[in-house]
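Colleague: Before I rely on the labels attached to this model, I would like to go through them one at a time and hear what each rests on.

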Amino acid sequence: MLKLRLRFGILVMVVALIAAACGGDDPLAEDGGDEEPQGSGEIDVAAIWTGPEQANFEAVLDAFTDATGVETNYVSTGDDVGAYLGTQIEGGNPPDVALLPQPGLLRDLAGNGSLTAANDDVAGALEENFAPIWTELGSHESTLYGVYFKVANKSTWWYNTAVLDSAGVEPPATWDEMLETAGTVNSSGVPWVSMGGADGWTLTDWFENIYIQTAGVEGYDQLTTHEIPWTDESVITALETFGQLVSDEANLAGGVKGALQTDFVTSVTKVFSDSPEAATVYEGDFVGGVISAETGATLGEDADVFNFPQINDAPPSIIGGGDVAVALSDDESAQQLLEFLASPEAAEVWASAGGFTSANQNLDTSVYPDDITARSAEAVASAEVFRFDLSDLQPAAFGGTVGKGLFLRFQDFLKNPGDPEAIAEALEKDAAKAFN
Amino acid sequence: MAQTAADVSSRAPRKGKIEVDRPPGGARRGMALAFMAPALLLLGAFVIYPSIDTLFQSVQESDGTYIWERSFAGFDNYAAMTDNREIRTAIKNNAIWVATAPAIITGLGLIFAILTERVRYSTAIKIIVFMPMAISFLATGVIWRVMYDPDPKLGFLNGAIKSVVDVASPPGSIPEAVPPPNTNLSKTKGGSVISSDEYQPGDTALLGLTAIAEGSVPEDAIQAAEPDVPGDAVGAVVWRDFKPGGGEAGVVEEGELGLPGIEVQLLGPDGSIVGTAITEPDGSLMFADVGEGPFNAQVSSSNFEKGFTGISWFKESLVTPAIIGAFCWMWAGFAVVVIGAGLAALPRDVLEAARVDGATEWQTFRHVTLPLLAPVLGVVFVTMVINVLKIFDIVLITAPGSVQDDANVIALEMYRTAFTSRLYGLGSAIAVLLFILVIPIMFLNIRRFRRTS
């Protein structure tokens, strides 16, 4: 009797298991449908955003639906956009539009034919609203594919206004001025800069802002594609310039040890806490978000921004990032979305909510919630020179992995800024392996 | 009678089991297979197929954005592994883990189990020691990242050590202060700040210091001022030599605060200390009736004592031991509970016999308890070795980015290579390497299971 009941129980469990496995949601397959015919009136849009960013982007999509009547269905891709899209494309079911957070992905996807070229309406909208460089950046081999909807300015240097005031100094405009200002602020009892060196990517951003000014745009582009090696003179010069700041431990909060063991978020909170451990921190405009979320400082009052100092009379250069909208299907409605995203109306929806910058020149910067974001956005929109984060454009093994390649070597440089040649050689070895 | 008995005995139920009508042999096996089928299916889909696929992946080119872009590359990936500095570090670290962690955990478990065996609240103690096992490796990693923080204000360990050490050697009041650049002041090897000038009776030594935060200046400080020095005395003033914009170094200016409570030493012509004094709220002091010069003055080193600044738990040489410590904290409870159960199951009569025979506690332990516990200790040890070979998330979370390279372990390296660097071929080769390393232990384990069953 007992055994019978046991057998029956097991049978029920097995049936339930099979039912659960067969039915139910498979999250990977959730892409809302099969291939749609032309101008279908309903499209799937995939992007990396979740939480409040997703809410803001969905508001933009709602505005699009209001303007054109095309329905949209938002899907979040998770951190690895490349892997997600790859699976979808292999399965024959890609989303109609995707927002790519790395320019390298645009290159890869366009290269293997997964993208649909943008139509003339989109090209026209770009020409009307953006500086010519954005058409260039959204293209691959002279064919336009994407619209840069959201951009990030990574040449913003943030400072604690109270500390600079009590030290009696103004934000510096050039690199040499910056070194002098640093000395004065150190003497006032607060180290000049806080570095999040535990997160190697912050150090790559430092290097890029210095390199684009010391080597110029041509040199920057050549290094990005590894046309010139990392042992090139220009790299040594940039490292030496960086060394001018970091070899004096008094400039760094916690000295070199502190710089190497502090992660990015802590490096920001160190500057804007009640008893600041440093006067400034350099990173992109997303620092503003960290300040608002993690500290009690008010943007524009306690915290302010100056542009990355000019080195050797270089032209105003911005290093940045961006999310580019591309079409992965033939759907005419997808092109309509791209055209909408190039318009100032689309940008305004998210810009007014905060945490967003657009390079759209026809966007009225007064819609930004604070003066700092407005100034940062203006800098990007009017930039003469704009280049993407070099480390984002490298093969992941060299430019994007913790403890390897760029991340590791710049940390090594912090430990020993007196030997840039050794670091350059190590960098070249890692790069050669990655570019093979 | 005998015939019926024989008939019956061939179908007789076995002693103690409830009889149910069983179908004949072949159908029974078919039914067993049918019930096992779902489990076998899952095993095949999620264990067997990926394992074989990984083997195939490991002989493919590492290139490409997507994992299914394959092109045969022979044993290139395996060759690349031997040359790879990161993998060598990872293997070395795993060896350290295997050599230390299981032994420590088993040892700790044994000690705790013995100590709490006959104590009254042994269950309560075991629960407390076991609690860390209730959380994930990730949570443990986060907790210990904070515990090991090098800043004594943030890290628990360093804070605790600091509060003890500070009692013995308290820090000075201005540890971060330095003499301003381009003045006659410099810091000596002994830690004091001394002037290169000489002073005669009637002079005042100007000992201005910078790099002092406004908030660090004591509450009772007032505007710095030089003292009124009579002809037979030497004066000194120690102040915060900074005003907005920097000001002029070495000159007492309006807006610059004196530093009270600072110890200054007067050095005689032969360099020996002839007087000590403490500064007033305006930073000034005076050495009266000093006699013949020339003199020198120094701000004594005790003011600059940094005190305990925190052990850097995350430096290269300490990071792996630190993470092993966190791991042991988490798993010691497991060992305590299992060994405790083993202890409780020991036959009491053997121990009694040993004691009656005149053996001391230690001898009983060494010659009776330990050998009887050996199987249990073996279970714990082998389980820990297997756990430690595939250690991953605790290293990923606890070690900060700048030392991940030094704390690297094989599973972490595989994750980085395959999923962050997108080198799927090489990552699969590392996975195969890990598999090969685990095989001997699994073999041992299976043999042990066979023997005990």
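Colleague: What makes helix 13 of chain B largely enclosed by the rest of the structure?

Modeller: This is a predicted model, and the label rests on a count of neighbours, since a residue is called buried if 20 or more other C-beta atoms lie within 10 Å of its own. Eight of the 11 residues of helix 13 of chain B are buried, so the helix is described as largely enclosed by the rest of the structure. Among the buried residues are B:Ile410, B:Leu412 and B:Met414, together with B:Glu413 and B:Arg416.

Colleague: Which helices do the buried residues of helix 13 of chain B pack against, and which residue with a positive phi follows the helix?

Modeller: The packing partners are helix 4 (85-117), helix 11 (393-398) and helix 14 (424-452), which belong to chain B. The residue that follows helix 13 is B:Arg422, with a positive phi near 60°.

Colleague: How do you know that strand 4 of chain B is mostly covered?

Modeller: By the criterion of 20 or more other C-beta atoms within 10 Å, seven of the seven residues of strand 4 of chain B are buried. In a regular strand the side chains alternate between the two faces of the sheet. For strand 4 of chain B, B:Val234, B:Ala236, B:Val238 and B:Arg240 lie on one side and B:Gly235, B:Val237 and B:Trp239 on the other, and with these residues all buried both faces are covered.

Colleague: Why are strand 3 and strand 7 of chain B said to stand at the edges?

Modeller: The open sheet has three strands in the order 3-4-7 in chain B. Pairing requires at least two bridges between two strands, and strand 3 (204-209) and strand 7 (284-287) of chain B each have a single partner strand, so one side of each is left without a neighbour in the sheet. Direction ignored, neighbouring strands of this sheet are turned by 20° against each other on average.

Colleague: What makes the pairing in this sheet mixed?

Modeller: Strand 3 and strand 4 of chain B run parallel and are joined by six bridges, whereas strand 4 and strand 7 of chain B run antiparallel and are joined by four bridges; the pairing is accordingly given as mixed. In the parallel pair, B:Leu207 has B:Val238 as its bridge partner. In the antiparallel pair, B:Val234 is partnered by B:Phe287, and B:Gly235 by B:Met286.

Colleague: How many residues of chain B are in contact with chain A, and which helices of chain B each supply at least two of them?

Modeller: A contact requires C-beta atoms within 7 Å, and on that basis 33 residues of chain B are in contact with 40 residues of chain A. On the side of chain B that touches chain A, helix 2 (25-57), helix 12 (404-407) and helix 13 (410-420) each supply at least two residues. That side has 16 nonpolar, 13 polar and four charged residues.

Colleague: How many residues of domain 1 of chain A are in contact with domain 2 of chain A, and which helix gives the most to that side of domain 1?

Modeller: The assignment gives domain 1 as 37-152 + 322-388 and domain 2 as 156-318 + 389-435 of chain A. In contact are 20 residues of domain 1 of chain A and 21 of domain 2 of chain A, and helix 17 of chain A gives the most to the side of domain 1, with seven residues.

Note on methods:
Residues are numbered from 1 along each chain as its sequence is written. Chains are lettered from A and ligands numbered from 1 in the order in which they are written. This is a predicted model: local features need pLDDT of at least 70, side-chain atom pairs count only at pLDDT 80 or more; totals for chains, interfaces and linings use all residues. Domain bounds come from an automatic or database domain assignment. Two residues are in contact if their C-beta atoms, placed from the backbone, lie within 7 Å. Ala, Val, Leu, Ile, Met, Phe, Trp, Tyr, Cys and Pro count as nonpolar, Asp, Glu, Lys and Arg as charged, and the others, Gly among them, as polar. Axes are lines fitted to C-alpha atoms, for helices over the stretch in contact, and angles run from 0 to 180 degrees between N-to-C directions. A residue is buried if 20 or more other C-beta atoms lie within 10 Å of its own, exposed if 12 or fewer, and partly exposed in between; C-beta atoms are placed from the backbone.
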